[in-house]
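I've opened a fresh page for this one. My plan is to look things up piece by piece and jot down what turns up.

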Amino acid sequence: MTVKILIRYGEIALKGKNRNMFEAALRRNLIRAVHGTGTAITRIHGRFLAEGPADKQQEIISRLRKVFGVVSISPAATAALGMEEIQSAASQLVQTLPRSLATFKVEARRAKKTFPLTSPEINSQIGAFLLSSYPHLSVDVHQPDFRLEIEIGHREAFLYTGRYAGPGGLPVGVTGKALLLLSGGIDSPVAGWMAMKRGLSIEGLHFHSFPFTGRRSQEKARDLCQKLATYSGKMTLHMINVAAIQQHIKESCPEPMGIIILRRMMVRLAEAVAANRRLQAIVTGESLGQVASQTLESLEVINAATNILILRPLLAMDKHEIVSLAEEIGSYNISIQPFEDCCTLFLPRHPLTRPRLKAIEKAETALDIPRLIKDAISGLESVRVPSL
Amino acid sequence: MNEIYLDNSSTTRPFREVIDLITDISLNSYGNPSSLHYKGIEAERVLKKARYEIARVLMSGEDEIYFTSGGTEANNLAIKGTAYRYRRQGKHLITTAIEHPSILNSLYRLQKEGFTVDYLPVNDQGYISLERLGQLIKTDTILVSINHVNNEIGTIQPVEQIGKLIKQRNPRTLFHVDGVQSFCKLSFSLASWPVDLFSCSAHKIHGPKGVGALWVKTGARLTPLFEGGEQEQAWRPGTENVAGIAGFGLAAKLSAGQQKQDAALMHSLKHSLYQGLLDQNLKVKLNGPPLEEGAPHILNLSFPGVKGEVLLHALEEQKILVSVGSACHSRRPRPSHVLQALGLEKQCLDSALRFSFSSFNNRREIESVIHHITEAVKSLSRI
């Protein structure tokens, strides 16, 4: 038994010359998403069609619903292109519905314009047929209990009564590549997810301070990547040890500036990794005003440390909005595991909330920045994290 | 760089022979011991053999061994099983402040259900006061539960004396000994001791995880923790973990066979490590009893000025694996209840590390450990 699933995509159909590239990317991503389920993906009349084993229907649907660019999907029955065949398929479909669904509406659409009946004619003919065959049904064109949708394709007709929403957005990869700063907290995976939603292909960068933090913080970053990878198929995670940098900052810079200087070192490191991996931007989970290092002044001072574009998809989001997205993505339960930085050693008691660039730059002169960056980068570890 | 595993109180590397046996039994003697056919009899025979091995180590009767899923279940069964069984006789239980969480949390649950529990304090070496215990035992005291060897500091409680005292005060009070850290590490005979229940676990003695046993002296009775078939006298229902139990039996036989040599080796490793660190002029403080008095395989040291968890990770980088006395989280520090009960100062609480040995360790490893600890402590105390 084969199940056929229609896959609708929205935005990308509108994008003029890029359309082919976008569709090719979506096709690749769909194929990767259903890999291993024995499902084939083909193009038909402005949609993709997934055909796979019926016993894996739920699995296939849940995977397709995680592919960015997909607006909605519908498992569909098919019929040969004749009114009798369509009628009998419609009849079979209606029989599978609970009898409590008593009002309906038929909505036909034709991709094959040479089909002898127009869409309104199909609607009324199939509607009349269902009314005469199933006395419990009646028509309600405004608020029907179910819509029977019929798409007249070039080779066959598709019939279905429901749609599952997809994540929308653009296919991962079509807008470029970026580096996500992945801390292990709640925000950064959501930021990564939102960047991917707009078509960016993401690699992760995690900073740790082993031995001042344990191995579990790295494991957590890996788990978060694995979650994100369910939306992109795979992910590369880079890890850099910043313990030495933290020690130097602690020894040489005024304590309240510690965090902001560390953040500046982190974006410098990120810039170096991005350049090496040919990534065009950095994505962070910063949201305006959440903590001391995320005031407008802090963001300005952090930006000044680098020339690379920094994207902050969560900038204007409230914490509860971020949390509910994190729950939806599935990263929340990983993020809240208590493998926080063990050591308060490097946390200043009163961090600066309104740093001034001049003062920070002056404090940084005590550091041999190029050497610190070079040493930290030389210890870079990179792993490929497959999706589960 | 070779791994140096000094976390043997957490778990041990299994003996090769034990794993081979488990593989063989899993593949070949896979029958259900309750089945009537020969495959069942064969599996039952495996259980009998393991029961025999363990009984022999404890110098007890085979029919007094009840297999469980491990030390935690054995402790739960000992505490709740007797409390529920004897609740009409009394609702008072006694334990110490330095027990394993499987004991303490079982007792907290009983307290919520209306039992009363006394927690004996310990002195700065981890010993309870016999006098204090004597005062606490009353006519309604149904159970005293005390760990034989403390898992964090290695204090050995005078179990025989404690048992005599209990029976002298109230002959009906049962005495449970949590022997997870003493089984096959010390030499003793349960038969001659005034003890009624004894817990042990396979993976602490180079056996598999997921297997343990509760020894229940003939005459003592239990209420099972959950319902099922008639296995283990219906005190611990559920199809037996045949292969795991076989591995447990063999691990106990092998460990007990070399117990004397192993204890001597571990004792000397413990001494060399401590002495070696002192010789390096490191600030080291011994937590728990004096070296000669404590269990041979456990050494707990504080390195004031250094965070234990950070030192652990620094040693981990050298593939030296140890364990911390307190898990430190920036938000809520959670020092070990055992070290707190000793009355340690904060500096020592935060910097405690536990080194625990097995017969797989050797002197060369200890020399390397001394070297790396010295290096790490020196570089970390700069911060």
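**Entry 1: domains of chain B**

Which domains does the domain assignment of chain B give? I looked it up and found domain 1 (16-257) and domain 2 (258-380). Note to self: this is a predicted model.

Next I checked the spacing, and the centres of domain 1 of chain B and domain 2 of chain B, taken over C-alpha atoms, are separated by 28 Å. Where they touch, domain 1 of chain B puts in 23 residues and domain 2 of chain B puts in 22 residues. I sorted the domain 1 side of that contact by class and got eleven nonpolar, nine polar and three charged residues.

**Entry 2: domains of chain A**

I then did the lookup for chain A, which is divided into domain 1 (2-165) and domain 2 (176-386). Here 43 Å separate the two domain centres, again taken over C-alpha atoms. The contact takes five residues from domain 1 of chain A and six residues from domain 2 of chain A. On the domain 1 side, I noted two nonpolar, one polar and two charged residues.

**Entry 3: H7 in chain A**

I wanted to see what helix H7 (residues 243-252) of chain A packs against. One partner is helix H13 (residues 369-378) of chain A: the two axes come within 9 Å and cross at roughly 155°. That angle is over 145, so I can call H7(A) roughly antiparallel to H13(A).

Which residues meet there? From H7(A) I have Ala244(A), Ile245(A) and His248(A), and from H13(A) I have Leu372(A), Asp375(A) and Ala376(A). By class, that contact comes to four nonpolar, one polar and one charged residues.

I also listed the buried residues of H7(A): Ala243(A), Ile245(A), Gln246(A), His248(A) and Ile249(A). So much for the list; what covers them? The cover includes strand S12 (234-241), helix H8 (258-277) and H13, each in chain A. Ile245(A) and His248(A) are worth a margin mark, since they are among the buried residues and also meet H13(A).

**Entry 4: H7 in chain B**

Then I turned to helix H7 (residues 242-257) of chain B and tried a quick length check. Its 16 residues, at 1.5 Å a residue, should span 22 Å, and I found its end C-alpha atoms 23 Å apart, which agrees. Is H7(B) mostly covered or mostly uncovered? It's mostly covered, with 13 of its 16 residues buried.

**Entry 5: H5 and H10 in chain A**

Another helix pair went into the notebook: helix H5 (residues 187-197) of chain A and helix H10 (residues 319-329) of chain A. Their axes are 9 Å apart and the helices pack at an angle of about 70°. H5(A) and H10(A) are therefore roughly perpendicular to each other.

On the H5(A) side I wrote down Asp187(A), Pro189(A), Val190(A) and Trp193(A); they meet Ile322(A), Leu325(A), Ala326(A) and Ile329(A) in H10(A). The class count for this contact is seven nonpolar, no polar and one charged residues.

**Entry 6: one residue, Val71(A)**

Last, I picked a single residue. Val71(A) sits in strand S4 (residues 70-79) of chain A. Why does Val71(A) count as partly exposed? I found 17 C-beta neighbours inside 10 Å, so partly exposed is the right label for Val71(A).

I skipped its neighbours within four places in sequence and looked for other contacts: Val71(A) has Arg8(A), Tyr9(A), Gly10(A), Gly166(A) and Gly168(A). I also looked up Pro167(A), which is 96 residues from Val71(A) along the chain, and the C-alpha atoms of the two are separated by 6.3 Å.

Terms used:
Residues are numbered from 1 along each chain as its sequence is written. Chains are lettered from A and ligands numbered from 1 in the order in which they are written. This is a predicted model: local features need pLDDT of at least 70, side-chain atom pairs count only at pLDDT 80 or more; totals for chains, interfaces and linings use all residues. Axes are lines fitted to C-alpha atoms, for helices over the stretch in contact, and angles run from 0 to 180 degrees between N-to-C directions. Helices (H or I, at least four residues) and strands (E, at least two) are DSSP runs, numbered from the N terminus. Angles under 35 degrees count as roughly parallel, over 145 as roughly antiparallel, 65 to 115 as roughly perpendicular and the rest as oblique. Two residues are in contact if their C-beta atoms, placed from the backbone, lie within 7 Å. Ala, Val, Leu, Ile, Met, Phe, Trp, Tyr, Cys and Pro count as nonpolar, Asp, Glu, Lys and Arg as charged, and the others, Gly among them, as polar. The expected span of a helix is 1.5 Å times one less than its number of residues. A residue is buried if 20 or more other C-beta atoms lie within 10 Å of its own, exposed if 12 or fewer, and partly exposed in between; C-beta atoms are placed from the backbone. Domain bounds come from an automatic or database domain assignment.
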